[in-house]
Amino acid sequence: MIERYRGIWARRAVLDTLVRRDLRVRYARSALGYLWTIIDPLAMALIYFVVFAVIFQRPDAGHKPYFLFLLIGLLPWQWFNASINESARALVSEARLVRSTNLPRELWVIRVVIAKGVEFLLSLPVLVAFAVVYIVLGDTTLNWRLILFPVGLVLQFVLLTGIGLLLAPATVLADDTIRVVRIVLRMLFYGTPIIYSLNVAPEWLQRLLWFNPLSGILELYRAGFFPTPLELAPLVTSVLISVGLLAWGAVAFARMERAVLKEI
Amino acid sequence: MVRLPEEPSARAGNVIDVHGLGIEFYRSRRRKLSLREMVLRRENTSSKETFWALKDISFSVGPGEAVGLVGSNGGGKSTLLKAIAGVLLPDEGRVTVSGGVAPLIELTGGFLGELTARENVMLAAGLHGLSKEAIEERFDSIVDFAGPQVRQGLDMPFRHFSSGMQVRLGFALITTLDEPIVLVDEVLAVGDKHFREKCYERMESLLAEGRTLFLVSHSEPDLRRFCTRGLYLQGGTLAADGSMDEILDLYNGTTG
């Protein structure tokens, strides 16, 4: 097993080429390429803001300022959503390359997670811009827990790789996987504390939400922007589940590889 | 299995070592499970019928050998080649290949229609393991080998190339790789007569460099020209292993 990953590390130049190509295709093709990456979360943040803060008049659904709260939740969600959708199809959409080269096949999944991760990083200036605005307005102050932001990033990377390694071969072997994934993702959006914060939900629901690894990850992202104390329980479960999924994904992928190669 | 008198004994330092190899396939194409069916009817409704494309194959190839694989259609030749290339994994036994492989199998497999030819060469060469510097060094020689038409169309989307041009570029690229083992699935030479001669010349020079060749072919002239040793695959099992001439006689004798 270790050899497999050493093999991937040895081929990191190929990974680099593939990711760069993906980014070039994404950003260089259309003039609005970069804008599209930030328009979606901005627009969604605006919509949810209007719905919850203005119409329902519950701006306390999340930390204040609510718009910033939404943005910090929606940008990582975009990485999550795009990564899961595309890594599930990673082997199917690159079937020709997968079956005519002898590259370690996990590479195709990792490439998606990294490429979407880079897009996430490139969308962060928007977050910075709004944070600055709110700081200037006096509605926010940053705190030292901002160093937890990169920790959240690493943890999300671990989580996404694990899920990708599970879904990619499953999609090859079972047609319906993609459809199930899409539905689950839609439900998961509401089952994740993106448009609301954890402590706003009723107690019993909070405990359930702890088992969503994204809860902990979002806590890490938000920690530096809001004074609310960290919820530790979701953090612990998030780490355990993310690492567990990575381990499971690694093993399952290796096991399914043989069948996948015959199917592709 | 018939072991003919000229069979070279297995030496240490073998480049390809195949031992008890078996690969099994499902018969029906609709092997794909459906989650829906699995959940509702608690069973996998696709047929469970399987067949062994390869069964109990064992042989070794030493460095610099030129091996020809013959057999009638459906005998498992491509499957064996793919197992050596690492693109199919064994269900039984093992395949040990020491050193990299230059696969002349799916010549245009590494290319993508929407990229330009130039980008495709950079990408495909990278996917096959060449470093950036190496690609840049060899870029011109790859394109020149493929021909002036390719040179002119370098910045066109690749899908605008004719299939002949695509295949010539693929051949040029893969035969530039440094890998010590060359696997060929029938496509020893492509294109018009002139280009085919270039292909043969390149093959000869690769062999002269000491590379190991593993050729699947139905073409007797090709096999006799390049291979010294032959393997005869029949119905997924290794029927004979000996010199190319003997194997060809056997093959011809069987099929008449």
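Modeller: Let me start with a rule: two strands count as paired if DSSP finds at least two bridges between them. Please keep in mind that this is a predicted model.

Colleague: Happy to. What makes β2 and β5 of chain B a pair?

Modeller: Strand β2(B), residues 16–26, is joined to β5(B) by 5 bridges, and the two run antiparallel. The rule asks for at least two bridges, so β2(B) and β5(B) qualify as a pair. To look at one bridge, start from Ile16(B), whose partner in β5(B) is Val97(B).

Colleague: Which order do the strands take in the open sheet of chain B?

Modeller: The order is β3-β2-β5, three strands with antiparallel pairing.

Colleague: And why are β3 and β5 of chain B said to stand at the edges?

Modeller: β3(B), residues 50–61, and β5(B), residues 92–97, each have a single partner strand, so one side of each has no neighbour in the sheet. On average, neighbouring strands here are turned by 30 degrees against each other, ignoring direction.

Colleague: What makes Asp56(B) stand out?

Modeller: Its phi is positive, about 55 degrees, although Asp56(B) is not a glycine. Most residues other than glycine have a negative phi. You will find Asp56(B) in strand β3 of chain B.

Colleague: How do you know that the bond between Lys64(A) and Pro65(A) deserves a second look?

Modeller: Omega there is about -5 degrees, and the peptide bond is cis. Most peptide bonds are trans. Pro65(A) sits in the loop between α3 (33–55) and α4 of chain A.

Colleague: On to the empty spaces. How many cavities of 30 Å³ or more are there, and why are they called cavities?

Modeller: The search of the whole structure finds 2. They carry that name because a 1.4 Å probe fits inside but cannot get out. The largest has a volume of about 50 Å³, and the second largest holds about 40 Å³.

Colleague: What lines the largest cavity?

Modeller: Its lining is Leu91(A), Val98(A), Arg105(A), Pro169(A), Phe253(A), Glu257(A) and Val260(A). Helix α12(A), residues 232–263, gives the most, with 3 residues. By class there are 5 nonpolar, 2 charged and no polar residues.

Colleague: How do the residues lining the second largest cavity divide by class?

Modeller: That lining has 7 nonpolar and 2 polar residues, with no charged ones. Trp77(A), Thr192(A) and Tyr221(A) are among them. Helix α11(A) supplies the largest share, 4 residues.

Colleague: Why is the space of about 910 Å³ called a pocket?

Modeller: A pocket is an open set of points, whereas a cavity is one the probe cannot leave, so this space, with its volume of about 910 Å³, goes by the name of pocket. It is the largest pocket and has 33 lining residues, with Asn102(A), Pro104(A), Arg105(A), Ala85(B) and Gly86(B) nearest its centre. The largest share of the lining, 4 residues, comes from α1(A). By class, the lining splits into 16 nonpolar, 9 polar and 8 charged residues.

Colleague: Last one: how confident is the predictor in chain B?

Modeller: Mean pLDDT for chain B is 84, and 86% of its residues reach 70 or more. Residues 5–11 of chain B stay under 50, and the model has 10 contacts for them beyond four places in sequence. Local features need at least 70. For the complex, the predictor gives an ipTM of 0.81 and a pTM of 0.88.

Technical notes: Residues numbered from 1 in each chain as written. Chains lettered and ligands numbered in written order. Predicted model: local features only at pLDDT ≥ 70, side-chain atom pairs only at ≥ 80, totals over all residues. Heavy atoms only, no water. 1 Å grid on protein atoms, 1.4 Å probe; cavity = no way out; pocket = protein on both sides within 12 Å on 5 of 7 lines; lining within 4 Å. Points joined across faces, edges and corners; volume = space filled by probe spheres on them. Nonpolar A, V, L, I, M, F, W, Y, C, P; charged D, E, K, R; others polar. Axes fitted to C-alpha atoms, helices over the stretch in contact; angles between N-to-C directions. pLDDT = per-residue confidence, 0-100. Contact = heavy atoms within 4.5 Å.
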